[in-house]
Each structure stands twice: as C-alpha cells, then as structure tokens.
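Biologist: Could you take me closely through the nonpolar core, and say what is packed in it and around it?

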Amino acid sequence: MSQTDTTVGGASAPPTRDRSRPYWTSRRRDQLTGYLFIAPQLLGSAVFVILPLILVVWYSLHEWNVLAGTFEFVGTENYANLAEDTNLGSVLRATGLFSVGLVVFNLGLALLLAVLLNQKLRGTIVFRTLFFSPVVVSLVAWTIVWGFLLQDNGGVNGLLDTVGVDGPNWLRGEGTAMFSVVVVQVFKNVGLNMVLFLAALQGVPGELYEAAEVDGASRLRQFWRITVPMISPTILLTSIITVVGSLQVFAQIAVLTQGGPGTSTTVLVYYLYQQAFQFHHFGYGATLSIVLFGIVLALTVLQWQMRKRWVHHES
C-alpha cells in the first residue's frame with residue numbers, strides 16, 4: 001500500500017502534499033509578472049483618480065473656509081444650494097452651447113479635411129502638417145495669440161476692414177464671445193481628429209468603392225453608404241474624446257473672456273474654479289465638480305450604449 005493510500009479506521013486518509021513540488025511554479029511566476037506590470041497603473045489610478053474622487057465627495061459634505069481655517073460638516077447643504085443657485089442655469093446653458101458647438105464644428109471640419117486630404121494629390125502631406133501643427137502648440141500660447149487677434153483693433157478686424165467690414169469686439173459681445181471661443185478651440189484640436197479620420201479612411205477597402213461605381217452609386221451615396229459605416233468606430237472614439245474635452249475646457253475661457261460678458265461664456269469648469277478658488281467656497285466647488293463628473297459619465301455611457309445602433313459590426 002502506498003503512503004498516500006493509507007486508511008485510518010476503514011476511512012481513506014487525505015492525500016499528503018507533495019513537499020518536493022516547488023512553490024514558485026511557472027504559472028505563479030507568470031501571475032506575479034503580470035501583477036508587477038499593472039501595479040504602476042493601478043497605483044497611479046488609486047492615488048490620482050480613486051482617492052481624489054473619494055476626497056471630493058467628502059469635501060462636498062463640508063464647508064471649508066481656508067481663510068478662516070474652518071472645516072465644518074454640513075451634510076447635504078451644498079447639494080441643496082444647487083437648486084437655489086441663480087447662476088447655475090446660465091452656466092449649464094453656456095456649457096451646453098460650447099459643447100454642442102465644439103462637437104459639431106470639430107467633427108464636421110475634421111471629417112471634411114480628412115476626406116479632402118485622403119485624395120492622391122500633390123501637397124497633401126504639407127497640408128496635413130499645417131492642420132496638425134496647432135495640436136502640438138502650447139494651449140496658453142495659442143489662446144493668448146488669438147486673444148490679441150480677436151480684440152476690437154486686432155488682426156481679425158483689421159483684415160475685415162480691408163474689405164470694408166466693421167468687425168465687432170469679438171470677445172466682449174454676448175452674441176460673439178461664445179462663438180469666438182468655440183472657433184479658437186476648433187482650430188486648436190481639429191488636426192487631432194483629422195489624423196484619426198485619415199487613418200480610418202485609409203483602412204477602408206478600395207474594392208467597396210469599385211463595386212459601388214460599377215453599380216452606378218454617386219460619390220455622395222458612396223460616402224454615406226460605405227465611408228461613414230466603415231469609419232463609424234472612429235467616429236464614436238472621436239465623439240467621446242471631443243465631448244469629454246468640451247466639458248473640461250478652462251484655459252480658453254480664463255484667458256479669452258474670464259467668463260464674460262456677464263455669464264455668457266462661464267462654463268461649468270470655470271464656474272467651479274470661481275466658487276472654489278476665487279470665492280473660497282471649497283465645499284460648493286466640490287459639489288459642482290461632482291455634478292460635472294455625473295454629466296461626463298452620463299454622456300459617455302449614453303454614447304457607448306448608442307453605438308449598437310449606428311457603429312458598424314456592433315450588435
């Protein structure tokens with residue numbers, strides 16, 4: 001009878017562990033290697049994402065006055081103040097206008113440029129570089145330059161004056177300030193989405209267009225029936241990136257308009273900054289940041305769920 005098959009009182013004894021087998025097997029070593037590889041990312045996410053989110057929720061339940069040195073628990077009072085904030089409606093409206101304007105103009109122009117620069121023509125590489133170059137320029141430097149150009153006596157109005165048009169003070173008019181900020185941001189980042197669309201367009205099989213031409217499909221019909229469905233995953237990606245980025249805009253507003261005139265360009269991020277760092281209402285500022293987080297999360301989830309209806313190969 002073997003050592004592992006011994007019986008005690010007619011019952012089988014549990015098999016003894018093979019002590020000669022090493023603990024650090026190849027499987028355990030592979031698992032440890034995987035954990036070590038993802039440890040920096042997990043640590044960074046915990047320190048810079050999860051912990052700040054927890055702290056923001058904690059701060060939103062308090063009234064923190066740095067100047068007075070007080071940190072008082074107020075429960076849900078900051079959330080109740082959201083309903084009483086008379087400026088919050090105009091802030092959300094300005095945020096929505098900026099986001100819609102940026103998404104529509106950015107994606108539309110980026111796709112148009114990508115289609116044009118995807119043609120086999122001379123000089124396309126030069127134009128690709130020109131349109132992408134603003135992406136790598138410092139955001140603050142770009143915004144400051146445009147601030148000078150959009151002044152009442154700036155370069156834009158000087159150009160309009162040469163053709164007999166008296167241009168407005170773009171950044172001080174309620175009807176032009178938001179439009180100006182959107183245009184500045186579109187020109188800054190349109191090159192990034194253009195490059196993404198270019199990569200997607202170059203991955204569309206040419207045989208599909210050849211078959212469509214044989215069937216007599218026009219260029220416009222080919223675009224809607226072939227191009228758009230085939231690059232729809234990239235459209236989803238760029239739309240999510242652009243929507244999230246539009247809700248996080250701050251430097252452009254701070255440099256160009258400071259939220260004015262009035263509150264016409266005061267978006268949610270800039271209003272959060274004002275409440276927390278100008279008026280020292282850190283608890284209410286934390287509450288506004290949670291509202292912003294909820295909006296970003298809801299829009300991202302909505303776009304991700306809608307992909308099943310219009311993204312190619314999704315079901």
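What follows is a close look at that core and at one buried acidic residue.

Modeller: This is a predicted model, in which local features need pLDDT of at least 70 and side-chain atom pairs count only at pLDDT 80 or more, while totals for chains, interfaces and linings use all residues. Residues are numbered from 1 along each chain as its sequence is written, and side-chain values use heavy atoms, without hydrogens and water.

The largest nonpolar core (buried Ala, Val, Leu, Ile, Met, Phe, Trp, Tyr and Cys residues joined through side-chain atoms within 4.5 Å; buried means under 20% relative accessible area, exposed over 50% and partly exposed in between, with a 1.4 Å probe and protein chains only) has 50 residues, of which Phe-98, Phe-197, Ile-231 and Leu-288 touch the most other members. Among the elements that give two or more residues to this core are helices H3 (88-117), H7 (177-201) and H13 (282-310), where helices are DSSP runs of H or I of at least four residues, numbered from the N terminus. Helix H3 supplies the largest share, 12 residues.

Beyond its neighbours within four places in sequence, Phe-197 is in contact (heavy atoms within 4.5 Å) with residues including Leu-107, Leu-111, Ile-231 and Thr-238.

Asp-85, in the loop between helix H2 (77-84) and H3, is buried yet has no salt bridge (a side-chain nitrogen of Lys or Arg within 4 Å of a carboxyl oxygen of Asp or Glu), and the nearest side chain of opposite charge, Arg-93, is 12 Å away. The Asp-85 side chain instead reaches the backbone nitrogen of Asn-87 at 3.0 Å, and, residues up to four places away in sequence not being counted, Asp-85 touches Tyr-271 and Tyr-284.

Methods
Lys and Arg count as positive and Asp and Glu as negative; His and the chain ends are not counted. A polar contact is a pair of N or O atoms within 3.5 Å; within protein, one must be able to donate a hydrogen and the other to accept it, and residues adjacent in sequence count only if both atoms are side-chain atoms.
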